[in-house]
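Please open the structure in your viewer and keep the selection panel at hand. The stops below say what to select next and what is there.

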Amino acid sequence: MNLSTPSADQLRDAAGRLVCALAAHEDPEYRLAVLKRLSRRLGEDHYPMFLRLLAVVAESDDGEAKRLLADTVATALRRSDLPGGALSSWGATQLPDNVTGMSAGALSGGFFGASPRRLLGPVEYLVVWHLQRTQRTSLGSDSFRHHLALLVDLLNHSDEARTLYPQKLAADAQNELEGAYTRATRERLAAIARAWQAGQPPDDVAQAAIDAGHVDMPPGWVVRDL
């Protein structure tokens, strides 16, 4: 699969292979290993591709596939071991989407002169990508809202994921120590957690994130789609 510009067929095929790999094993820990292996193989630079594969499953009409994937994320939540992607701390700005000729170690906190990059789960990654200055071109509001709603809908297919993920987001929203989240980001995480815990529909959860402490993008801030 071309990671830069995959076709719709390639995305569907890759998502189908993922679901088949999960369905082939009963062990939740093994399923989590499969999901994490996929995330690692794609690499940090291509974590958005991992999110797009989740979105393909979320948009399908295969309820069993959604349950399998959501249950696997629930296992990760229990273990505090979500398949994550790394974004630079909010102090590191104006870096290109594709950094070439540099080792992963060169993109550490020492390089940025700020807090090290940390792995973020799917929902947190979307929020930070949308709101904060990172090494990526910012995610536009429409794409953020759309993909957040898809993720919430997907994860709602597991009772455990539906319970544990908003609890995690609420806890993250209280964390001011690591410098990974700006105040605006923490406000959005808290808004998502509240709406999700209240049982609101996925579209309403995503809209709650948009409405909470809305701040217009600064002039000249280029945005992109997922």
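**A tour of the predicted model**

Colour the chain from its N terminus on, and the elements of the protein run α-α-α-α-β-α-β-α-β-α-α-α-α-β. That gives 10 helices and 4 strands, where helices (H or I, at least four residues) and strands (E, at least two) are DSSP runs numbered from the N terminus. This is a predicted model, in which local features need pLDDT of at least 70 and side-chain atom pairs count only at pLDDT 80 or more, while totals for chains, interfaces and linings use all residues. Residues are numbered from 1 along each chain as its sequence is written, and side-chain values use heavy atoms, with hydrogens and water left out.

**The whole protein**

With everything still shown, turn on the surface: the protein exposes about 10,800 Å², of which carbon and sulfur atoms supply 49% (accessible areas come from the Shrake-Rupley method with a 1.4 Å probe, and for residues only the protein chains shown count as cover). Of the 226 residues, 48% count as buried, where buried means under 20% relative accessible area, exposed over 50%, and partly exposed in between, with a 1.4 Å probe and protein chains only. Among contacts with a separation of 6 or more, residues 24 or more positions apart account for 76%, contact meaning heavy atoms within 4.5 Å.

**The core**

Next, select Leu148, Tyr165, Ile192 and Trp196, which touch the most other members of the largest nonpolar core, a group of 60 residues. Such a core is a set of buried Ala, Val, Leu, Ile, Met, Phe, Trp, Tyr and Cys residues joined through side-chain atoms within 4.5 Å. The largest share of this core, 9 residues, comes from helix H3, residues 47-59. Leaving aside neighbours within four places in sequence, Ile192 is in contact with Val123, Val127, Leu148, Leu169, Val205 and Ala209.

**Helix H3 and its crossing with H7**

Stay with helix H3 and select Leu53, which lies in it and counts as buried at 2% relative accessibility. Its contacts, apart from neighbours within four places in sequence, are Leu11, Ala14, Ala15, Leu38 and Leu42. The C-alpha atoms of Leu53 and Leu11 are separated by 6.4 Å, although the two residues are 42 residues apart along the chain.

Now add helix H7 (residues 141-155), whose axis comes within 9 Å of that of H3 and crosses it at roughly 65°; the axes are lines fitted to C-alpha atoms, for helices over the stretch in contact, with angles from 0 to 180 degrees between N-to-C directions. To see what makes the contact, select Leu54, Ala55, Val57, Ala58 and Glu59 of H3 together with His146, His147, Leu150, Leu151, Asp153 and Leu154 of H7.

**Helix H4 and the loop after it**

Move to Leu68 in helix H4, which is buried, with a relative accessible area of 4%. Leaving aside neighbours within four places in sequence, Leu68 is in contact with Val19, Leu22, Ala23 and Arg31. Show Ser158 as well: its C-alpha atom and that of Leu68 are separated by 8.3 Å, with their positions 90 residues apart along the chain.

For the last stop, which residue has a positive phi although it is not a glycine? Select Ser80, whose phi is about 50°, in the loop between helix H4 (63-78) and strand E1 (85-87). Ser80 is exposed, with a relative accessible area of 70%.
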